[in-house]
Number of protein chains: 2
Amino acid sequence: MKHLKVFKKEFDTALHSYLDGKSQFFNKTVPHGGEMIECIQEFIRYGGKRFRPALFHYAYESFSKTNDLNSIQFSFIFELFQSFVLIHDDIIDHAKLRRGNPTIHAKYGMEMGILAGDFALTLADELFMDIIYASNFSQSIKKPSINLYNQYKQELLIGQYLDSKHLGSPEKIMLLKTAQYSFARPVVFGLLLASVSKEIIKKWEAWMTKAGITFQLMDDYEGVMGNESKTGKSVSSDTEEGKNTLIVELFKKKANKRELDRFHSFFGKHSMTKEDVNWYKNKIQEKLIDIEIKSRISSSCKELLQELHTTLGAHTDLHILAQEILDHIQMI
Amino acid sequence: MKHLKVFKKEFDTALHSYLDGKSQFFNKTVPHGGEMIECIQEFIRYGGKRFRPALFHYAYESFSKTNDLNSIQFSFIFELFQSFVLIHDDIIDHAKLRRGNPTIHAKYGMEMGILAGDFALTLADELFMDIIYASNFSQSIKKPSINLYNQYKQELLIGQYLDSKHLGSPEKIMLLKTAQYSFARPVVFGLLLASVSKEIIKKWEAWMTKAGITFQLMDDYEGVMGNESKTGKSVSSDTEEGKNTLIVELFKKKANKRELDRFHSFFGKHSMTKEDVNWYKNKIQEKLIDIEIKSRISSSCKELLQELHTTLGAHTDLHILAQEILDHIQMI
């Protein structure tokens, strides 16, 4: 994904330069005052593809006629908010590792995990308020942006809540946590600030929502059936966390009493053996669940590709990024 | 404190009516979507004096000539932010009880403690943005308000961080966590939005900062020497948490090696016996630390009273509330 890699490099340099300035400011104001920010920077360096900031950035840059917004700076908001979400999520999940590195609470203690997460949220909010306030956007853009931002934050937290309490269907959680939060909303934000018409925003929103759901299907599939050394994603952690995915739902429908008993002996239990992992994989194949999911992903990708080149019109940077997302999904 | 009691009743009714509406909205949007808000409401019902919202409200109402702000609604921000702070603080401190009730994470699990705290912050932010955006305030008020709000949040988190990591002097933490956060900033906010001159704002800020430090001295004193049945405040929890107060600093200066050894056997350890509590109390008295602190509190209160009736000018509702705070401090 060349486009995204180029963006990530530019984005990370700018974000860390911004955060360096912030932490220096707070360290000057109060000794140790910048340590939470340094911790957030360490977390951001752990990795990640920068999907959300890139989607925002290219949506805005592809369609804005005035370009009076520093869209790289605005895109920091998505990465800072995501850091807040993940740092807290790791505490909730009792996770010890994140992308091969120790999680913040595991390395620096619970107080750092909670407070650095909180601080990342206040940094995102500060950027949002400062940029929207200082901008020349008309009232008809400012007010919907404020509403969208608050909705963005609260919807994600509701998704996290439903997920952590094992409430709600996999579809609903996929919609809130991935399709809207990671794909549709950043694009809608960029298009809104670029003064794009409601009609075109709706088309992109629908496309990104569908792409997000397909992406999540792929991610959930890899979380059980994937090749760990190829994807870097554990094939037991989703199951150990008791993550309610479409695979789980299909398995529960097709399994008999004895299979369900064995399933519940490791699902959500943090004690999955190698034998459990292999047994579960085999059952998924035996019941043709893997084929069902792969074919859903494949037909969804075909539709998305078709729509990208017809209903979504002219060729822009956002189209290139959308194509990269499809390529990434189809890699499985 | 009659004035504050009257305010609390009116404030709580309005706040819960607002939050009822919010949780109903989210429950309609997604099943269980409003549960985090219901949890925040339960926490708010546990108690508290509503100092911060009252200080904001009376500062604004005492000085505004236009009264075009719904200052009760704006004052929700301070209580929602405080709920966020306390719910997360209870997790950091491993606290099981808050005002005699189970803490949120103890009752509903870690995920609820973290996420309901996060959600309370997003509710405070949403109110702030909506009210400031919709208001008729001039640019010369809007921009400083946004700066003040972001500073308010980040300063408090830095105070929490220094406190939890036992970094920084008791004076610095008192200044950040109590004097500025709980006393000075809410008043400065009210006066700023009421278009009060910078000169008068500075006078109130100085007064409230001093009152806040004196209040904290009293609170720290009660946390070791107080009468539990009278104050409702435990006389061991501050010491068990390893809270770095002026009492601790004075004790460390005046204690000999053997006394310091015994002190460190229970300080910050969550295992203080009744004998430790009494031994520590006696040592504080023996070394005249209690008298030193009481006399600091008493002379500070005299100065504050004098200033309230001279340099702070005419008699307003804010003066009455300030007087109530002094009365409360002098109760020890």
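The following legends describe close-up views of a predicted model with chains A and B. Residues are numbered from 1 along each chain as its sequence is written, and chains are lettered from A in the order in which they are written. Because the model is predicted, local features need pLDDT of at least 70 and side-chain atom pairs count only at pLDDT 80 or more, whereas totals for chains, interfaces and linings use all residues; side-chain values use heavy atoms, with hydrogens and water left out.

**View 1. Relation of the two chains.** A turn of 180 degrees with a shift of 0.0 Å along the axis lays chain B on chain A at an RMSD of 0.0 Å, the superposition being by least squares on the C-alpha atoms of residues with pLDDT of at least 70 in both copies. The two copies are thus related as by a two-fold rotation axis. Of the interface residues of chain B, 100% are also interface residues in chain A, so the copies meet through the same surface; contact here means heavy atoms within 4.5 Å.

**View 2. Salt bridge between Lys153(B) and Asp125(B).** A salt bridge requires a side-chain nitrogen of Lys or Arg within 4 Å of a carboxyl oxygen of Asp or Glu, and 46 are counted over all chains. In this view, the N to O distance between Lys153(B) and Asp125(B) is 2.9 Å. Lys153(B) lies in helix H7 (residues 139-164) of chain B and Asp125(B) in helix H6 (residues 110-134) of chain B, so that the pair, 28 residues apart, links distant parts of the chain; helices are DSSP runs (H or I, at least four residues) numbered from the N terminus. Both Lys153(B) and Asp125(B) are buried, each at 0% relative accessibility (buried: under 20% relative accessible area; exposed: over 50%; partly exposed: in between; 1.4 Å probe, protein chains only). A network of salt bridges links these two residues with Asp125(A) and Lys153(A).

**View 3. Salt bridge between Glu292(A) and Lys254(A).** The side chains approach to 3.5 Å, N to O. Glu292(A) belongs to helix H15 (residues 289-309) of chain A and Lys254(A) to helix H12 (residues 246-254) of chain A, with their positions 38 residues apart in the numbering. Glu292(A) is partly exposed at 27%, and Lys254(A) is partly exposed at 38%.

**View 4. Salt bridge between Glu286(A) and Lys283(A).** This pair has an N to O distance of 3.4 Å. Glu286(A) and Lys283(A) are separated by about one helical turn, because they stand three residues apart in helix H14 (residues 274-286) of chain A. Glu286(A) is exposed, at 53% relative accessible area, whereas Lys283(A) is buried, at 14%.

Key
Helices (H or I, at least four residues) and strands (E, at least two) are DSSP runs, numbered from the N terminus.
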